[in-house]
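Q: Before we go into detail, could you show me the model and take me through how its features are read?

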Amino acid sequence: MAAEKVFPMTQAGKEKLEQELEYLKTVKRKEVVERIKIARSFGDLSENSEYDSAKEEQAFVEGRITTLENMIRNAKIIEGGELAGDSVSLGRSVTFVELPDGEEETYTIVGSAEADPFEGKISNDSPIAKSLIGRKVGDQVTVQTPGGEMNVRIVSIK
């Protein structure tokens with residue numbers, strides 16, 4: 001049997017996943033069961049789009065529950081001590097400027113389970129993070145992105 005994938009994440013990221021799991025198990029699951037019950041009362045299930053829709057939602061919810069349970073079970077919490085040092089690493093925020101004259105951008109590098117680019121959290125598996133991990137303030141880095149190369153200079157690491 002192959003080893004299970006480890007999901008590196010912050011404590012806050014794990015807690016967020018646990019809250020979503022709790023919501024799905026205690027609230028959403030019951031809502032979907034109720035929708036199925038109501039749709040069943042409409043009669044013939046072979047032509048019942050409400051029933052089909054509710055069953056599809058049930059499958060999605062159950063799949064998400066399984067995924068979350070796996071991620072939480074295999075979570076590796078990034079401890080504060082692991083963030084020491086002056087280089088870019090998982091759990092740290094990095095500010096960089098795109099060269100030659102771009103604006104500053106700040107991202108926190110997190111595990112894929114808690115990545116949310118709209119909140120400034122990028123996955124350690126992303127091209128930007130992979131290029132920046134291990135680098136220090138002042139380093140100029142060439143990042144290979146799907147849109148082509150991007151040259152950046154690291155301004156700060158927190």
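The dialogue below goes from the overall fold to single residues.

Q: What kind of model is this, and how many helices and strands are there in the protein?

A: This is a predicted model, so each value below is computed from predicted coordinates. The protein has three helices and seven strands, and from the N terminus on their order is β-α-α-β-β-β-β-α-β-β.

Q: How should I read the radius of gyration of the protein against that of a compact globule?

A: The general idea is to set the value beside the one expected from chain length, which for a compact globule of 158 residues would be near 15 Å. Here the protein has 21 Å, and its C-alpha trace spans about 70 × 35 × 30 Å along the principal axes.

Q: What do the burial and the exposed surface of the protein come to?

A: A residue counts as buried when its relative accessible area is under 20%, and 33% of the 158 residues of the protein fall in that class. The exposed surface is about 9,700 Å², of which carbon and sulfur atoms supply 51%. As for charge, there are 21 positive and 29 negative side chains, and the centres of the two sets lie 5 Å apart.

Q: Which strands does E3 pair with, and in what sense?

A: Strand pairing is read from bridges between residues of two strands, and at least two bridges are needed for a pair. Strand E3 (residues 93–98) pairs with strand E4 (residues 104–110) in the antiparallel sense over five bridges, and Ser93 has Thr108 as its bridge partner in E4. E3 also pairs with strand E7 (residues 148–157), again in the antiparallel sense and over five bridges, with Arg153 of E7 as the bridge partner of Val97.

Q: What lies between E3 and E4?

A: The two strands form a hairpin with five residues between them. Pro100 is in this loop, and the peptide bond that leads from Leu99 to Pro100 is cis, with omega near 10°.

Q: Is Met9 buried or exposed, and which residues does Met9 touch?

A: Met9, in strand E1 (residues 7–9), is buried because its relative accessible area is 0%, under the 20% cut-off. Residues up to four places away in sequence aside, Met9 touches Lys14, Leu17, Met71, Ala75, Lys76, Ile77, Ile78, Ala113 and Glu114. A C-alpha distance gives another view of such long-range proximity: Met9 and Ser112 are 103 residues apart in sequence, yet 7.9 Å apart in space.

Q: Why does Asn124 count as buried?

A: Asn124 lies in the loop between strand E5 (121–123) and helix H3 (127–132), and Asn124 is classed as buried because its relative accessible area is 18%, which is under the 20% cut-off. Its contacts beyond four places in sequence include Pro8, Leu90, Ile109, Val110, Gly111 and Ser112, and also Ala129, Lys130 and Ile133.

Q: Where is Lys16 found, and how is its accessible area to be read?

A: Lys16 is found in helix H1 (residues 11–40) and is partly exposed, because its relative accessible area of 47% falls between the 20% and 50% limits. The C-alpha atoms of Lys16 and Glu114 are separated by 8.4 Å, although these residues are 98 apart along the chain.

Q: What share of the contacts in the protein joins residues at least 24 apart?

A: Among contacts between residues at least 6 apart in sequence, that share is 47%.

Note on methods. Residues are numbered from 1 along each chain as its sequence is written. This is a predicted model: local features need pLDDT of at least 70, side-chain atom pairs count only at pLDDT 80 or more; totals for chains, interfaces and linings use all residues. Side-chain values use heavy atoms; hydrogens and water are left out. Helices (H or I, at least four residues) and strands (E, at least two) are DSSP runs, numbered from the N terminus. The radius of gyration is taken over C-alpha atoms; the globule rule is 2.2 Å times the number of residues to the power 0.38. Buried means under 20% relative accessible area, exposed over 50%, partly exposed in between (1.4 Å probe, protein chains only). Contact means heavy atoms within 4.5 Å. Accessible areas come from the Shrake-Rupley method with a 1.4 Å probe; for residues, only the protein chains shown count as cover. Lys and Arg count as positive and Asp and Glu as negative; His and the chain ends are not counted. The place of a charge is taken as NZ of Lys, CZ of Arg, CG of Asp or CD of Glu.
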